[in-house]
Amino acid sequence: MTSYQLSTKIIAICLISLPLFVAFRLSLPFSSFWNQTLSLADARVLDKVSRNDSSLAQGSEDGYSQSTNVSEDKFLGGLLPPGFNEGSCVSRYQSWLYHKKPSPHKPSAYLLSRLRAYEDLHKRCGPYTKSYNKTIKQLRSRNIVSSAESSECKYVVWVSFSGLGNRILTVASAFLYAILTNRVLLIDPGKDMPDLFCEPFPETSWLLPTNFPLKRRFDKFNQKTPNSYGNMLKRNKLNASSELFPSYLYLHLVHDYDDHDRLIFCDQHQTPMNRVPWLIMKSDNYFVPSLFLSPSFDQELSRLFPDKATVFHHLSRYLFHPSNQVWGLITRYYWTYLAKADETIGIQIRVFESSSGPYQHVMDQILACTLKQNLLPEVDQQESSVDPSVKPKSKAVLMTSLSAGYFENLRNMYWEHPTVTGDLIGIYQPSHEEYQQTEKQSHDRKAWAEMYLLSLTDVLITSAWSTFGYVAQGLGGLKPLILFKPENRTVPDPPCGRVISMEPCFHAPPNYDCKAKTGADPGNLVPHVRHCEDMSWGLKLVDRHDDI
């Protein structure tokens, strides 16, 4: 064969192969495309890790130590199970790369074993399994079931309700309750939960099927619902010794719940609920602290969480992984505005007024806090010369607020004047939606991205009463400074203070001693449950060694 014939043959093969290659590339699933588009970001993140983490940069003699450290960090110290399709949820195994250091809070071995056991239970009892179908058939056919019809699989259904911060906190609460009572958690998708979060459990789904028999009634469930636990107690319709019990109970744990609804946190009221196949739960509260007041849960909770103040930190990192769409918002913003700074500071502003502001007293409070705590330097009004031989330190301030006014004021202040230290201060705010838009997809995507970005900062300032801030501090394992709630539109003195633990606050706890069956201050019953810094009647978990 001549060289001319060989060249002609090669060209012909290429012309035939090219359309086949294009067709094959177009047939690849979205996840493959997603993995390839993230390759540059992955390389940059890995470069950051190799520069910041000496164990990765230096390696080890046999390579084992390096690979073990990477594996532990990737799976968050064993919290996350292996085996997921990484392209379907990039954040699950990449989130650790965006933290400068691994979390100092290690999950207990017992928590890890219970999570693996729960995953097996969910796989056996999840949607459309044999056990699930059996209990659904009972639920469709009658309101009363007998002990003889009992199934190994029982469920707690979380109803989508309230703003995104509240939803995240209540899902975590419902999941812990499910673990403690050996139930399977299924969540109502609402309008956008699948769009925001990846599936947390392998080889199954936590989403309640759309054909669930009671789903159309969720919006109407309230204290007066016939199968409401509190309502049935009032009417003496529950008998712990009876062989017959309801096929489902509705648990009303919204802030307006009454004394009968709140009795579900008492040990003696767990017995009748334990036999009911379906518990439907609606809540806007992080009710975990009340679970720690229950003697029947005390031993199990102590084994799960030897460090009491790490409950939400561990559960949130296990359960809540941003979807690929949201992860794109997070990583693009991170690399553009935060990655190159020497220090990052998060400031989360939530104003409980008729409008989002800006308000001058809130701006004054932010400045008073950041300057008093030496987080940001003062500006030099005289614009004195700075020593050019000293390399300035760069600080990136990430602000989140419904209003753009606070961001604009702070940005202009550091743009128009140099700092007395010579530090370079960059002020950034991803969005300003003006008002809360519950369950609007684009709004919630931005909100979830901003919570996550705040959790990646080195130092965090949050606002009193805000579940948005609670989520950020828990995810990041941070003890933030909290801006105390202003009264009469004046700056509080002090303007802010350090929280005693990173746990969220339970805003509406029951003031009741279940054992004594009388009213009591729940913040004085056990050492590890105390009143919140930002809400005097609220409850939060603390560690005994915390400075209370």
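With which side chain does the side chain of D195 make a polar contact? The views below come from a predicted model, in which local features need pLDDT of at least 70 and side-chain atom pairs count only at pLDDT 80 or more, while totals for chains, interfaces and linings use all residues. Residues are numbered from 1 along each chain as its sequence is written, and side-chain values use heavy atoms, with hydrogens and water left out.

**View 1. Surroundings of D195 in helix α10 (residues 193-196).** The side chain of D195 makes a polar contact (a pair of N or O atoms within 3.5 Å, one able to donate a hydrogen and the other to accept it) with the side chain of R445, at 2.6 Å. D195 counts as buried, at 14% relative accessibility (buried means under 20% relative accessible area, exposed over 50%). Leaving aside residues up to four places away in sequence, D195 touches S323, Q325, V326, Q441 and R445 (heavy atoms within 4.5 Å).

**View 2. Packing of helix α17 (residues 360-372) against helix α18 (residues 405-416).** The two helices pack at an angle of about 50°, with their axes 10 Å apart, which makes α17 oblique to α18 (neither under 35 degrees, nor over 145, nor 65 to 115). The crossing of α17 and α18 is right-handed. V362, M363, I366, L367 and L371 of α17 meet Y406, N409, L410, M413 and Y414 of α18, a contact that by class has 9 nonpolar, 1 polar and no charged residues.

**View 3. T210 in the loop between α10 and α11 (229-234).** T210 is exposed, with a relative accessible area of 69%. The C-alpha atoms of T210 and P189 are separated by 8.5 Å, the two residues being 21 residues apart along the chain.

Key: Axes are lines fitted to C-alpha atoms, for helices over the stretch in contact, and angles run from 0 to 180 degrees between N-to-C directions. Helices (H or I, at least four residues) and strands (E, at least two) are DSSP runs, numbered from the N terminus. A crossing is left-handed if the near helix is turned anticlockwise from the far one by less than a right angle, and right-handed if clockwise. Ala, Val, Leu, Ile, Met, Phe, Trp, Tyr, Cys and Pro count as nonpolar, Asp, Glu, Lys and Arg as charged, and the others, Gly among them, as polar. Buried means under 20% relative accessible area, exposed over 50%, partly exposed in between (1.4 Å probe, protein chains only).
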